[in-house]
Amino acid sequence: MRTVFIAGTDTGVGKTVVAGAVASALSLRGRRVGVMKPISCGGLEDARHLAASAGCAEPIELINPIALEHPLSPNVAARLERRRIDLKPVAAAACQFARKGYDTLIVEGCGGLLVPVRRGVYVVDLIRELGAETVLVSRSGLGAINHTLLSIEALERRRIRPAGVIYNRLGAGELTIPERTNPEVVFECSGVRSLGVFPYLKSCTARCAGRAALKHIDLTRWL
Ligand SMILES: Nc1ncnc2c1ncn2[C@@H]1O[C@H](COP(=O)(O)OP(=O)(O)OP(=O)(O)O)[C@@H](O)[C@H]1O
Ligand SMILES: [Mg+2]
């Protein structure tokens, strides 16, 4: 099973939207796609969106093994619940997907890469725990260069080379100058290539998001 970790440069950049679209695209192409939101803070919406996008009918506890109540960073949310987050159940859940015969597992991170999970453990550490490939989702417009390069540095410091960046559009209309030039600038600075610019999609079904991913994102590596 190939595990693809959809990391984000920040919270709210579109990890759920893009991960759902990629999961749907791969399942439209006949892959058996499992999904995980290993740690949720403040609700199960992301896990449910991913499951619906992939057509994955596994129990929510398998898709989202660590569900924290408060919409806060996991370390703070866990402290409020007097819990200590252990990543072992996350790796065990991923193994279950492999055992059940899924060929691809799409995993959504939570927040950005250096969001603390507990003292000395960060969201980025999930990538190794899961033996995953990494795709970075960044917003497409102004500000993306800095956030994307910082995230790439955090990955490379841990010897993780991302497969590429998906630049996600958070608004409609013509591409702005930053949206047109950011992918190339980030490539020049880091050598990390763009997998594409994901369009702004208003009220779109899983199928339509999947088709958009097939059209705009280079998924050849996973097809
Ligand atoms: N390409 C897009 N087209 C239309 N709306 C989008 C797109 N990308 C993101 N959005 C909207 O922007 C908001 C944030 O997106 P999303 O929930 O996917 O971010 P996230 O990175 O998963 O956030 P979190 O850190 O909370 O998990 C949502 O309301 C989502 O519907
Ligand atoms: Mg999300």
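A residue is counted as near a ligand if its C-beta atom, placed from the backbone, lies within 6 Å of that ligand. The legends below describe a predicted model.

**Figure 1. Surroundings of ligand 1 in the predicted model.** The shell around ligand 1 holds 16 residues, of which Thr11, Gly14, Lys15, Thr16 and Val17 come nearest. Helix α1 supplies the largest share of this shell, with three residues. By character, the shell residues comprise six nonpolar, seven polar and three charged.

**Figure 2. Overall dimensions and composition of the protein chain.** Nine helices and ten strands make up the secondary structure of the protein chain. Along the principal axes, its C-alpha atoms fill a box of roughly 45 × 35 × 30 Å. The radius of gyration of the protein chain is 16 Å, which agrees with the value near 17 Å for a compact globule of 223 residues. Of the 223 residues, 46% are buried. Among contacts with a separation of 6 or more, 75% join residues that lie 24 or more positions apart.

**Figure 3. Helix α2 and its packing partners.** Helix α2 spans residues 45-54 and is mostly covered, with seven of its ten residues buried. These buried residues are Asp46, Ala47, His49, Leu50, Ala51, Ser53 and Ala54. An α-helix has 3.6 residues a turn, so residues three or four places apart point the same way. The helices against which the buried residues of α2 pack are α1 (15-28), α3 (60-63) and α9 (206-216). The buried residues of α2 also pack against the strands β2 (33-36), β3 (39-41) and β5 (104-108). After α2 comes Gly55, which has a positive phi, near 65°.

**Figure 4. Strand β2 and its pairing with β5.** Strands β2 and β5 pair in the parallel sense, over four bridges. Within this pairing, Val33 stands opposite Thr104 in β5. Val33 and Val35 point one way from β2, whereas Gly34 and Met36 point the other way. These four residues are all buried.

**Figure 5. Environment of Ser40 in strand β3.** Ser40 has its place in strand β3. Because 24 other C-beta atoms lie within 10 Å of its own, Ser40 is buried, the threshold for this class being 20 or more. Leaving aside neighbours within four places in sequence, Ser40 is in contact with Asp46, Ala47, Asn64, Ala67, Leu68 and Cys110. Two of these partners, Asp46 and Ala47, are among the buried residues of α2. The C-alpha atoms of Ser40 and Ser73 are separated by 9.5 Å, with the two residues 33 residues apart along the chain.

**Figure 6. The crossover from β9 to β10.** Strand β9 (residues 164-168) and strand β10 (residues 194-198) run parallel and are joined by four bridges. Between them the chain passes through helix α8 (residues 177-190), and the resulting β-α-β crossover is right-handed. In the strand pair, Val165 stands opposite Ser194 in β10.

**Figure 7. Pro199 and Ser203 in the loop between β10 and α9.** Pro199 lies in the loop between β10 and α9, and Ser203 is found in the loop between β10 and α9 as well. Pro199 is partly exposed, with 18 other C-beta atoms within 10 Å. Leaving aside neighbours within four places in sequence, Pro199 is in contact with Arg169, Ala212 and His216. From C-alpha to C-alpha, Pro199 and Lys88 are 36 Å apart in space, and they are 111 residues apart in sequence. Ser203 has a positive phi of about 30°, although it is not a glycine. Ser203 counts as exposed because it has 5 C-beta neighbours inside 10 Å, where the exposed class requires 12 or fewer.

**Figure 8. Backbone conformation at Arg82.** Arg82 is found in the loop that lies between α4 (74-80) and α5 (88-99). Although Arg82 is not a glycine, its phi is positive, at about 55°. Arg82 is exposed, since 6 other C-beta atoms lie within 10 Å.

Notes. Residues are numbered from 1 along each chain as its sequence is written. Chains are lettered from A and ligands numbered from 1 in the order in which they are written. This is a predicted model: local features need pLDDT of at least 70, side-chain atom pairs count only at pLDDT 80 or more; totals for chains, interfaces and linings use all residues. Two strands pair if DSSP finds at least two bridges between them. Helices (H or I, at least four residues) and strands (E, at least two) are DSSP runs, numbered from the N terminus. A crossover is right-handed if, with the strands pointing away from the viewer, the path from the first strand over the helix to the second runs clockwise. Two residues are in contact if their C-beta atoms, placed from the backbone, lie within 7 Å. The radius of gyration is taken over C-alpha atoms; the globule rule is 2.2 Å times the number of residues to the power 0.38. Ala, Val, Leu, Ile, Met, Phe, Trp, Tyr, Cys and Pro count as nonpolar, Asp, Glu, Lys and Arg as charged, and the others, Gly among them, as polar.
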